[in-house]
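Student: I would like to learn how to read a sheet and the internal cavities in a model. Could we work through one case?

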Amino acid sequence: MNLSKRLDTMTPSFTIGISSKVKEMNSNGIDVLNLSIGEPDFTVPEKAKAYGKKSLDENCTKYDLVPGLKILREEIVKKLKKENNCDYSIDEIVVSSGAKNSITNALLAVTNPGEEVLIPKPYWVSYPEMVKLTGGIPKFIDTKRENGFKLSKEELLNAISDNSKMLILTNPSNPTGNVYTKSELEEIVDVCYEKGIFILADEIYERICYVDGFTSVASLSEKAKEITITINGFAKSVAMTGLRLGYTASNREVAKAMSSIQGHLVSHPSLTAQYIGYGALVECEDDIKHMVSVYRSRRDILIERLDNIEHVSYIHPFGAFYMFIDLSDVSKKYNWEKSFSIEFCEEFLNKYHVAVVPGIAFGLDDYIRISYACDEDTLINATNKLEEFIDDIFN
Ligand SMILES: Cc1ncc(COP(=O)(O)O)c(C=O)c1O
């Protein structure tokens, strides 16, 4: 069929591929320990849901403002001030149908076809595809293992060309869980400001952070705020993945541009989801704190367990709910043909019934990503299987 050429360069989603395989195995009666999902195993807090139910009872089901409900944007402004030390007004906030939608709004508003978007490696799977689909050119930047794969000023400077328009910075990172310090971010902002490059600061995991004093890029200075489009949402922090709710905070001009684009493409996200998001902001601080403390204790269990498995190491996670595991020792021993991480993950799933994501999906083939958004028993059993698999490879 004569479909769009856009599809020619699009890589199918690894994570969706793994989920389908797991579903197929489940339907054949095979239990799988699933550590591949980037989705909280909690449900949306009841107090938040109540706002959605009430809005339906009151027939809040008509078209509303394109950039999002006024009360929701007011609450987002308060949250950004209180928790992130960022000063925004409500016309600088655009609420969208998930952070994915916010990212594509930002790309469409800022980049021209053929311009480069800088993406440090490892990266979240969808960025390169989103950049290509919106006409840009993903330009990957290698970062160093010894620096926890955080982008340095030098690496950034070396990657920038006259054609670079935007840098994508994920903090806390998916897949590593690493978190930038204030001074690291200041260096990056200085370079981007001087070179006229926008920063898309994807801070969707910002509330799931195990270090004090998380720094939002836009909080650093007026200059930082001017060039930054902050991405945030409700999927990870309030377990609202399926309700699809995200938002951007940016300067007024960019916000206006994104709102115009969204007006044509989606109008605004579902009002019911917006009311639930509003409820989450006004009522659910304790629920969020509870979820974060559970993630933290799982992370600690996982670290303890992985520290006792030979031939593996990892990037120490300070946020999000992922661990990026370095299997370079294993890859030297493993008999693979095209991609170590894909073949390793396939065998891990088929033979040991554990689902994890191959590092190649994030740009690095010697790694796997595991998610600890699952119960402790699953984590322990899966890491036991990992140890067994690695023993089998070495013996
Ligand atoms: C770094 C990052 N940004 C954005 C998203 C998308 O979030 P949403 O479900 O709100 O579209 C994800 C989801 O996995 C993510 O990991």
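**Strand pairing and cavities**

Tutor: Start with a single pair: aspartate 326 has tyrosine 367, in strand 13, as its bridge partner. Keep in mind that this is a predicted model.

Student: Which strand pairs with strand 13 over five bridges, and in what sense?

Tutor: Strand 10, residues 322–326, pairs with strand 13, residues 367–371, and the sense is antiparallel. Along this pairing, isoleucine 325 stands opposite isoleucine 368.

Student: How many bridges join strand 12 to strand 13?

Tutor: Two bridges join them, and these strands also run antiparallel. Proline 358 has isoleucine 368 of strand 13 as its bridge partner.

Student: In what order do the strands of the sheet lie?

Tutor: The order is 9-10-13-12, an open sheet of four strands with antiparallel pairing.

Student: Why is one side of strand 9 and of strand 12 left without a neighbour in the sheet?

Tutor: Strand 9 (313–314) and strand 12 (357–358) are at the edges and have a single partner strand each, so one side of each lacks a neighbour in the sheet.

Student: Which strands of the sheet does helix 11 touch?

Tutor: Helix 11, residues 285–307, packs on the sheet and touches strand 9, strand 10 and strand 13. The direction of helix 11 makes about 10° with that of strand 10.

Student: Are the residues of strand 13 buried or exposed?

Tutor: Buried here means under 20% relative accessible area. By that cut-off, five of the five residues of strand 13 are buried. Tyr367, Arg369 and Ser371 point one way, while Ile368 and Ile370 point the other way.

Student: Now the cavities. How many are there of 30 Å³ or more?

Tutor: The count is four. The largest holds about 140 Å³ of space. It is lined by 17 residues, and those closest to its centre are Pro120, Pro122, Thr170, Ser173 and Tyr180.

Student: Which elements give two or more residues to that lining?

Tutor: They are strand 3 (116–120) and strand 5 (164–170). Strand 5 gives the most, with three residues. By class, the lining of the largest cavity has ten nonpolar, six polar and one charged residues.

Student: What is the volume of the second largest cavity, and how does its lining divide by class?

Tutor: The volume of the second largest cavity is about 70 Å³. Its lining divides into five nonpolar, three polar and three charged residues. Among the lining residues are Lys79, Glu206, Arg207, Phe234 and Tyr247.

Technical notes. Residues numbered from 1 in each chain as written. Predicted model: local features only at pLDDT ≥ 70, side-chain atom pairs only at ≥ 80, totals over all residues. Heavy atoms only, no water. Pairing = 2+ DSSP bridges. Contact = heavy atoms within 4.5 Å. Axes fitted to C-alpha atoms, helices over the stretch in contact; angles between N-to-C directions. 1 Å grid on protein atoms, 1.4 Å probe; cavity = no way out; pocket = protein on both sides within 12 Å on 5 of 7 lines; lining within 4 Å. Points joined across faces, edges and corners; volume = space filled by probe spheres on them. Nonpolar A, V, L, I, M, F, W, Y, C, P; charged D, E, K, R; others polar. Buried < 20%, exposed > 50% of the residue type's maximum accessible area, 1.4 Å probe, protein only.
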